[in-house]
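I sat down with this one and opened my notebook. Here is what I looked up, roughly in the order I did it.

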Amino acid sequence: MQIKDHVFIVTGASSGIGLSTVTALCTRGAKVALLARSTEVLEELSEGLPGTLPITADMTDFEGVRQAVRAIYQHYGRIDGLINNAGRSYAAAIEEIDPAVFDEIFHLNVLGPIVAMQAVIPIMREQGAGSIVNVNSGTAFMTIPQYSVYSSSKRALLGFSLTARAELEKDGIIVSEVYPSITATNFGKNRMGNPADGGPAANYADGDKPEFVADLILQAIEEGHAQYFANNRLQQLAGVSTLQSFVSENSQLYQQLFDEMMKRFHLEAKATAQKADVSEVMLSRFRRGKADLGASKLIALLLAIPAEARMWYLSELFGVSPGHSLRSLIAQAPPEEQAEALRVIADVFANHSRETVDQ
Ligand SMILES: NC(=O)c1ccc[n+]([C@@H]2O[C@H](COP(=O)([O-])OP(=O)(O)OC[C@H]3O[C@@H](n4cnc5c(N)ncnc54)[C@H](OP(=O)(O)O)[C@@H]3O)[C@@H](O)[C@H]2O)c1
């Protein structure tokens with residue numbers, strides 16, 4: 001998306017990466033709404049940056065976020081981009097996690113960005129285009145003692161961002177993520193939690209400059225790829241999510257492939273199942289007297305048929321397509337049978353994987 005003359009919201013605009021992003025956007029001729037809690041800092045900043053709008057809002061106050069977006073839309077008459085950047089970390093060992101702080105971190109790092117997305121999506125859809133950039137973290141791919149809450153919040157943000165990307169592509173709304181590494185901002189100082197040993201150490205002063213991350217954010221707005229990494233190491237760590245980003249980069253193609261795969265799977269499984277003569281008989285018996293068939297018989301039935309056909313039979317029994325997850329398969333069963341269905345299916349798959357391992 002073009003930057004010049006377009007309207008952007010930057011959350012966490014009062015400091016660090018957000019502040020650098022605001023400056024970079026303004027230099028490129030954008031109009032920028034500056035959102036954070038520190039009213040005075042924002043007002044002072046805005047005075048030096050023509051075309052900006054200071055908006056005080058706490059990202060953990062969802063109604064406040066919605067009101068802020070309404071005020072920004074009223075002021076500019078359009079919203080082209082949202083940079084979900086506000087965020088904080090929390091250091092605490094698993095046994096010390098304070099549920100109230102967990103809540104605050106997830107409100108700020110996950111739900112706040114979602115609520116902000118929800119507020120801008122209808123506006124962007126109406127305009128036929130939009131850019132959403134969520135600022136994630138390399139810790140989304142790392143296991144760092146005492147950083148479970150922070151890294152989990154960013155893992156959650158990763159999931160929401162890639163899914164939003166796949167969902168919104170058809171509306172011309174592009175969702176991207178930027179993964180900073182250690183960056184020289186107030187982030188370390190603003191960390192919550194106070195472990196006795198000082199918590200995970202990082203030398204923020206020697207980290208990347210916030211201007212470097214701001215450039216990645218602008219690149220994301222202009223190019224619109226799924227993920228941008230501060231360095232190669234993060235990209236390698238993100239290996240697993242490379243497939244996810246392929247999927248979200250090519251969601252339509254992937255959907256077609258998936259549908260085709262499922263169709264073939266279904267046909268092949270059906271053909272294989274037909275060869276196992278016992279199964280059809282047992283299946284029709286099962287359909288007639290579902291309630292009479294105990295867990296052990298269902299397991300016997302499923303084990304009696306070829307492994308490739310089991311999912312097909314489960315889908316026949318529960319009346320859904322083979323592409324459904326086990327959870328939704330189980331949800332299709334009558335409520336009184338769900339617990340049993342869960343146990344039975346878990347058993348079948350446990351047996352199936354044991355067989356596979358034994359081979
Ligand atoms: N620095 C790093 O090493 C690093 C590494 C990876 C990822 N990140 C990510 O980069 C993003 C920006 O962090 P930063 O390094 O620029 O840190 P920072 O200098 O501490 O800036 C954080 C910004 O978030 C705002 N903020 C905090 N709580 C808020 C709330 N409840 N509502 C609204 N705004 C709030 C702060 O403004 P107010 O206090 O005025 O509200 C501030 O503008 C975060 O999402 C962080 O997770 C940073």
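**Entry 1: one tyrosine**

Does Y90 count as buried or exposed? Before answering, I noted that I'm working with a predicted model. I found Y90 in the loop between β4 and α4. Then I looked up its neighbours: 23 C-beta atoms lie inside 10 Å of Y90. The cut-off for buried is 20 or more, so Y90 counts as buried.

Next I wanted to know which residues Y90 touches, leaving out those up to four places away in sequence. My list reads V101, I105, V149, Y150, R191, M192 and G193. I also checked Y90 against N190: they sit 100 residues apart in sequence, yet their C-alpha atoms are 9.0 Å apart in space.

**Entry 2: the whole chain**

I zoomed out. How many helices and strands does the chain have? I get 14 helices and 7 strands. The chain runs to 359 residues, and 38% of them count as buried. I looked at contacts too, taking pairs at least 6 apart in sequence: 69% of those join residues at least 24 apart.

**Entry 3: the sheet**

In what order do the strands of the open sheet stand? I wrote down β3-β2-β1-β4-β5-β6-β7, 7 strands with parallel pairing. At the edges I found β3 and β7 (227-229), each with a single partner strand, so one side of each has no neighbour in the sheet. On average, neighbouring strands are turned by 15° against each other, ignoring direction.

I also noted a helix that packs on this sheet: α5 (residues 148-168), which touches β5 (130-135) and β6 (173-179). The direction of α5 makes about 155° with that of β6.

**Entry 4: pair by pair**

I started with β2 (residues 31-36) and β3 (residues 52-56), which run parallel and are joined by 5 bridges. Here A33 stands opposite L53 of β3. With helix α2 (residues 39-48) added, β2 and β3 make a β-α-β unit, and it's right-handed.

Then I moved to β1 (residues 7-11) and β4 (residues 81-84), a parallel pair with 3 bridges. I found that F8 has G81 in β4 as its bridge partner, while V10 has I83.

On to β4 and β5, which pair in the parallel sense over 4 bridges. N84 has N134 in β5 as its bridge partner. To get from β4 to β5 the chain crosses through helix α4 (residues 99-127), and I noted this β-α-β crossover as right-handed.

Which residues cover the two sides of β4? I put G81 and I83 on one side, L82 and N84 on the other, and all of them are buried. So both faces of β4 are covered.

**Entry 5: around the ligand**

Last, I turned to the ligand. Which of the 30 residues around the ligand come nearest? Those are G12, G16, R37, S38 and G87. Sorting the residues of this shell by type, I counted 11 nonpolar, 16 polar and 3 charged. I also asked which element gives the largest share of the shell. That is helix α1 (residues 16-27), with 3 residues.

Notes:
Residues numbered from 1 in each chain as written. Predicted model: local features only at pLDDT ≥ 70, side-chain atom pairs only at ≥ 80, totals over all residues. Buried ≥ 20, exposed ≤ 12 C-beta atoms within 10 Å, placed from the backbone. Contact = placed C-beta atoms within 7 Å. Near = placed C-beta within 6 Å. Nonpolar A, V, L, I, M, F, W, Y, C, P; charged D, E, K, R; others polar. Pairing = 2+ DSSP bridges. Right-handed = clockwise from strand over helix to strand, strands pointing away. Axes fitted to C-alpha atoms, helices over the stretch in contact; angles between N-to-C directions.
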